[in-house]
Amino acid sequence: MFNKRLREIRMKCGFTQQNMADRLNISLNAYQKYEQAERSPSLPCLVLIADIFDVSLDYLLCRDEFIQSHVNISAEH
C-alpha cells in the first residue's frame with residue numbers, strides 16, 4: 001500500500017522518480033524499489049518523504065483510513 005500511495009502522491013505533485021531520489025539523496029534505483037515494494041525506506045527517509053509532500057506519516061503508510069474508522073467507531077459510542 002505504501003508503494004502505491006507514494007507513487008500516487010509523487011505523480012500528483014509532478015515529481016519524477018529522479019526528482020525524488022535527488023531530494024532524498026539516494027540513488028534512482030533505491031527510490032524505484034520503494035515504489036515497486038521491493039524495499040522500505042528508513043524512518044528518517046520516511047519522515048523526509050512526508051515533509052516533502054507535506055503529509056502525515058499515517059497518510060503515507062495508509063493508516064489514514066484506519067484512523068478514520070476508529071474515529072467513526074468512537075463517535076458512535
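Where does Ala 37 lie? Keep that in mind as you go through these close-ups of a predicted model.

**View 1. Ala 37, a residue in the loop between α3 and α4.**
So there's the answer: Ala 37 sits in the loop between α3 and α4. Look just after α3 and you'll find this residue with a positive phi of about 60°. That's worth a second look, since Ala 37 is not a glycine. As a rule, most residues other than glycine have a negative phi. Is Ala 37 buried or exposed? Its relative accessibility is 54%, and exposed means over 50%, so Ala 37 counts as exposed.

**View 2. Asn 25, in the loop between α2 and α3.**
Here's another residue with a positive phi: Asn 25 has about 60°, although it is not a glycine. You'll find it in the loop between α2 and α3. Asn 25 is exposed, and its relative accessible area is 71%.

**View 3. Helix α1 and its buried side.**
Which residues of α1 are buried? They are Phe 2, Asn 3, Arg 5, Leu 6, Ile 9 and Arg 10. Because they cover an arc of only 165° around the axis, they end up on the same side of α1. It helps to remember that an α-helix has 3.6 residues a turn, so residues three or four places apart point the same way. Now check the face of α1 turned away from its buried side: that's where the exposed residues Lys 4 and Lys 12 are. Just after α1 comes Gly 14, with a positive phi of about 80°.

**View 4. A closer look at Asn 3 in helix α1.**
Zoom in on Asn 3, which belongs to helix α1. Its relative accessible area is 15%, and buried means under 20%, so Asn 3 is buried. What does Asn 3 touch, not counting residues up to four places away in sequence? Its partners are Tyr 34, Glu 35, Gln 36 and Ala 37. Yes, that's the Ala 37 from the loop between α3 and α4.

**View 5. Where α1 meets α3.**
Helix α1 covers residues 2-12 and helix α3 covers residues 28-35; their axes come within 7 Å and cross at roughly 115°. From α1, the residues in this contact are Phe 2, Asn 3, Leu 6, Arg 7 and Arg 10, and they meet Tyr 31, Tyr 34 and Glu 35 in α3. Sort the residues of this contact by class and you get four nonpolar, one polar and three charged.

**View 6. The buried face of α3.**
Spot Ala 30, Tyr 31, Tyr 34 and Glu 35, the buried residues of α3. Seen down the axis of α3, they fall within an arc of 145°, so they line one face of the helix. What covers them? The cover includes α1, α2 and α4.

**View 7. Helices α2 and α4 packed at an angle of about 120°.**
Helix α2 (residues 17-24) and helix α4 (residues 43-53) have axes 10 Å apart. Their angle of about 120° makes α2 oblique to α4. The crossing of α2 past α4 is right-handed. On the α2 side, Met 20, Arg 23 and Leu 24 make the contact; on the α4 side, look for Cys 45, Leu 48, Ile 49, Ile 52 and Phe 53. By class, this contact has seven nonpolar residues, no polar ones and one charged residue.

Terms used:
Residues numbered from 1 in each chain as written. Predicted model: local features only at pLDDT ≥ 70, side-chain atom pairs only at ≥ 80, totals over all residues. Heavy atoms only, no water. Axes fitted to C-alpha atoms, helices over the stretch in contact; angles between N-to-C directions. Helix = DSSP H or I, 4+ residues; strand = E, 2+ residues; numbered from the N terminus. Contact = heavy atoms within 4.5 Å. Nonpolar A, V, L, I, M, F, W, Y, C, P; charged D, E, K, R; others polar. Buried < 20%, exposed > 50% of the residue type's maximum accessible area, 1.4 Å probe, protein only. Arc of directions from axis to C-beta. Parallel < 35°, antiparallel > 145°, perpendicular 65-115°, else oblique. Left-handed = near helix turned anticlockwise from the far one by under 90°.
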